[in-house]
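Visitor: I've got a structure open and would like to talk it through. Can you walk me round it?
Guide: Sure, let's put it up.

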Amino acid sequence: MRIVVLTGGIGGARFLLGVRAYAREVGAEVTAVVNVGDDLLLHGLKVCPDLDSVMYTLGGGADPERGWGRVGESWTVKQELAAYGAEPSWFGLGDKDIATHLVRTTMLNAGYPLHAVTEALATRWQPGVRLLPATDDRLETHAVVDLDGGQRAIHFQEWWVRHRAAVPTHRFVFVGAETAKPAPGVAEAIAGADVVLIAPSNPVVSIAPILAVPGLRAAVADGPAPVVGVSPIIGGAPVRGMADRCLEVLGVECSAAGVGRLYGGRPAGGLLDGWLVAEEDAGTVVPEVTVRAAPLRMTDEAATVAMVRAALELT
Ligand code: GDP
Ligand code: CA
């Protein structure tokens, strides 16, 4: 069995722990197609927050409390940068994390594409699933906001981390998406999948940028594999993070039904065959989609495996 998972960072990474455990039980192969819209250059270093969240989490090196970055992290470089007054100062780069970005940036500068760099980094972390960036090309999520008396487009990380999503926001744009190509292996993995799972990731800024790569939405929507999504919204609120703020920008209700309808049913030109919602949201209706309710809190690996099983039972 071949399972493809479309995923963002923290929520997707936790979900992948369950997918990997399930896959080990049944001997399935897992490919994670990871969002790159959050990627940015900081102090000359290429940082890929979602790829790193997935890699560290599956590799056992993530900080479980903070949710991002490395466990046992130290912040000497950050303090030294602050002593120089170096901007941006709002994005935390830990010392251990910086080593990842140094290796990645060096390889990219030497001409290796991002998927090859990701594979090289993964030889250390042994994530147990194939990690693929959605694209090797630059695809950056920007938020169009009212700031400093005018309308400006700012990088997603500046919107999310610096402004905590608390600025008047008109829309998101995926800069570079028009000319981006799927990373090698991505379209092939989707075409060869037995099932495509959409992780309970942020639909607006984690999943949408993946689908914005030309060809990928169609590969999923028109592909042979059934597609099942898992709701990141429980009882009308994100489990963590600010997906509510992102959905508000799109004018989409923050609910399991709202996100399900945003993805849409395949017969209606959308993506989903199945939509797994939380028990709290039983009774959710999404036109032309099979909806089922199950416990959706990823409290531990066993609970997450049960979620994965429930999602696969929808196919
Ligand atoms: P990010 O890229 O680091 O923001 O992470 P993702 O986009 O992959 O995941 C963020 C989403 O995960 C948020 O919208 C959360 O609501 C969702 N999430 C986090 N923990 C859980 C959980 O235990 N259950 C469910 N259903 N969703 C979760
Ligand atoms: Ca992210």
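**A walk round the model**

Guide: Let's begin with Gly269, which counts as exposed at 63% relative accessibility. Exposed means over 50% relative accessible area, buried under 20% and partly exposed in between, with a 1.4 Å probe and protein chains only.

Visitor: Before we go on, what kind of model is this, and how are things numbered?
Guide: This is a predicted model, where local features need pLDDT of at least 70 and side-chain atom pairs count only at pLDDT 80 or more, while totals for chains, interfaces and linings use all residues. Residues are numbered from 1 along each chain as its sequence is written, chains are lettered from A and ligands numbered from 1 in the order in which they are written, and side-chain values use heavy atoms, with hydrogens and water left out.

Visitor: OK, where does Gly269 lie?
Guide: In the loop between helix H11 (256-263) and strand S13 (274-278). Helices (H or I, at least four residues) and strands (E, at least two) are DSSP runs, numbered from the N terminus. Gly269 is also 7.5 Å from Ala221, C-alpha to C-alpha, with their positions 48 residues apart in sequence.

Visitor: Switching to the metal. Which residues coordinate the calcium ion?
Guide: The calcium ion, ligand 2, is coordinated by Asp38 (OD) and by Asp50 (OD), the latter listed twice, at 2.0 to 2.6 Å. Donors here are N, O and S atoms within 2.8 Å of the metal (3.2 Å for Na, K and Ca), and water is not among the atoms, so sites may look incomplete.

Visitor: And what does that pair tie together?
Guide: Asp38 lies in the loop between strand S2 (29-34) and strand S3 (40-42), and Asp50 in helix H2 (residues 49-58), so the pair ties together parts that are 12 residues apart in sequence.

Visitor: Are Asp38 and Asp50 buried or exposed?
Guide: Both are buried.

Visitor: Now ligand 1. How many residues surround it?
Guide: 20 residues, and the closest are Ile10, Ser201, Ser206, Pro232 and Leu296. A residue counts as near if one of its heavy atoms lies within 4 Å. Helix H1 (residues 10-26) gives the largest share of that shell, three residues.

Visitor: Which polar backbone atoms come up against it?
Guide: One belongs to Pro232, 2.7 Å from an oxygen atom of ligand 1. A backbone N or O atom of Val239 lies 2.8 Å from a ligand oxygen, and a polar backbone atom of Met298 is 2.8 Å from an oxygen of ligand 1. The protein covers 91% of the 590 Å² of accessible area that ligand 1 has on its own, by the Shrake-Rupley method with a 1.4 Å probe.

Visitor: What about odd backbone angles?
Guide: Most residues other than glycine have a negative phi, and most peptide bonds are trans. His43 has a positive phi of about 50 degrees although it is not a glycine. His43 sits in the loop between S3 and S4 and is partly exposed, at 35% relative accessibility.

Visitor: Where is Asp148, and what is its phi near?
Guide: Asp148 is in the loop between strand S6 (140-147) and strand S7 (150-155), with phi near 50 degrees, a positive value. Asp148 is exposed, with a relative accessible area of 73%.

Visitor: Which peptide bond is cis?
Guide: The one from Glu87 to Pro88 is cis, with omega near -5 degrees. Pro88 is in the loop between H3 and H4.

Note on methods:
A polar contact is a pair of N or O atoms within 3.5 Å; within protein, one must be able to donate a hydrogen and the other to accept it, and residues adjacent in sequence count only if both atoms are side-chain atoms.
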